[in-house]
Amino acid sequence: MAGLDKRVATYEEALAGLTDNMTVLAGGFGLCGIPENLIAHIKRLGVKGLTVVSNNCGVDGFGLGILLEDRQIRKMIASYVGENKLFEEQLLNGELEVELTPQGTLAEKMRAGGAGIPAFYTATGYGTPVAEGKETRQFNGRNVILEEAITGDFAIIKGWKADHFGNVVYRHTAQNFNPVAATAGKITVVEVEEIVEPGVLLPTEIHTPGIYVDRVILGTFEKRIEQRTVRKA
Amino acid sequence: MALSREQMAQRVARELQDGFYVNLGIGIPTLVANYVPEGIDVMLQSENGLLGMGAFPTEETIDADMINAGKQTVTARVGASIFSSAESFAMIRGGHVDLTVLGAFEVDVEGNIASWMIPGKLVKGMGGAMDLVAGADNIIVTMTHASKDGESKLLSRCSLPLTGAGCIRKVLTDLAYLEIENGAFILRETAPGVSVEEIVAKTAGKLIVPDDVVEMTF
């Protein structure tokens with residue numbers, strides 16, 4: 001890792017500087033496109049008191065779900081608890097602070113955070129518990145609420161391919177929250193399936209330009225499927 | 001007879017128009033994709049970042065990186081595009097989706113909808129539902145008319161925490177198709193063999209029964 005070469009060789013280097021009580025933004029939707037090795041390394045590091053921002057919190061035993069086991073997460077900002085029993089249990093018994101946030105608002109909060117926009121108005125959540133304590137206004141007869149941007153000390157991202165400049169492309173719907181989270185981390189770490197030679201990724205196909213990325217690491221992925229659904233051939 | 005889940009999907013599918021971009025929620029709404037009328041082409045939007053959702057894959061083509069908003073493995077059809085969650089909700093919030101179909105626990109005569117939590121019992125989270133109901137003009141809610149204990153889900157006022165306020169105008173239940181106007185449910189269609197009396201009895205909110213109520217046919 002030097003200059004524009006963002007590559008690091010170990011997960012220790014990839015997450016160097018991550019300490020207790022930090023805010024971590026994580027890409028992924030369900031178990032699709034999650035930075036599974038970076039999450040596993042956070043578990044190994046044993047850091048506590050984390051605020052984690054991610055659409056979901058993995059499942060029991062995989063993805064972000066493993067950080068609930070040793071109570072490393074103090075606060076979770078997510079849109080969906082889903083079938084994660086430990087998440088629901090820690091939420092209901094008050095062990096885990098949870099800020100349930102509408103999915104589009106969550107994406108926009110990170111987009112705004114990365115784009116230097118401190119807050120934005122949206123109709124999403126008006127008149128619901130999400131609006132409690134938030135400023136409301138009316139534009140063109142439409143009621144909206146003020147939502148604040150989110151940034152993180154770290155963003156942990158799963159890409160498909162990257163070059164050493166940190167330019168990243170995502171594969172299929174494994175893109176999801178990754179490009180927005182990547183813009184909003186003070187330190188953005190991307191783990192990928194393949195690191196390609198400079199010039200292989202065409203400028204027109206880059207999803208995340210390298211300016212947002214601080215560290216790139218090559219990983220191997222289990223890519224667990226949550227709802228395996230097939231039709232007859 | 002109350003409508004089956006398939007019949008509910010079939011009835012919703014009649015609202016599809018050629019060229020529509022459509023977001024289908026989890027459950028009965030997902031089944032609507034199976035009943036797109038002949039000669040009509042629609043693009044299905046999945047809020048995790050896929051426009052142009054195709055059929056489920058085969059065992060050979062299954063791909064962990066290709067899922068829908070219900071986390072099911074899917075394929076992309078010809079003409080599909082894939083993008084970030086921020087882009088996906090820009091489409092939704094910006095009113096670019098022509099029809100949204102989603103489930104609910106309760107709706108009321110003011111067009112309020114509750115679908116994401118039962119305090120103290122069930123916390124699943126709102127996912128994209130709050131963005132969908134706030135961003136769409138054309139929404140159909142699919143739900144059973146009453147709970148298993150016979151409690152109406154069509155109320156004067158939702159009892160559960162809201163997903164959206166004043167945003168629902170069309171409801172398809174297993175017993176009827178209704179619209180919401182001026183603080184009342186308007187009965188438009190009955191399920192085959194279901195009496196108006198049964199619907200009246202199972203609708204807790206103000207219900208108007210016009211003279212021209214139609215019985216659905218399948």
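The following questions and answers concern the contact between chains A and B and selected elements of chain B in a predicted model.

Local features need pLDDT of at least 70 and side-chain atom pairs count only at pLDDT 80 or more, while totals for chains, interfaces and linings use all residues. Residues are numbered from 1 along each chain as its sequence is written, and chains are lettered from A in the order in which they are written.

Q: What makes a residue part of the contact, and how many residues does each chain give?
A: Two residues are in contact if their C-beta atoms, placed from the backbone, lie within 7 Å. The contact takes 47 residues from chain A and 42 residues from chain B. On the side of chain A, H5(A) gives the largest share, six residues.

Q: Why are S1(B) and S2(B) called paired?
A: Strands (DSSP runs of E, at least two residues) pair if DSSP finds at least two bridges between them. Three bridges join S1(B), residues 21-24, to S2(B), residues 43-46, so the criterion of at least two is met. The two strands run parallel, and Val22(B) has Leu44(B) as its bridge partner.

Q: Which residues of H3(B) are buried, and why are they placed on the same side?
A: A residue is buried if 20 or more other C-beta atoms lie within 10 Å of its own. In H3(B), residues 85-93, this holds for Ser85(B), Ala86(B), Ser88(B), Phe89(B), Ile92(B) and Arg93(B). They lie on the same side because they cover an arc of only 155° around the axis, taken from the directions from the helix axis to the C-beta atoms.

Definitions and conventions
Helices (H or I, at least four residues) and strands (E, at least two) are DSSP runs, numbered from the N terminus. A residue is buried if 20 or more other C-beta atoms lie within 10 Å of its own, exposed if 12 or fewer, and partly exposed in between; C-beta atoms are placed from the backbone.
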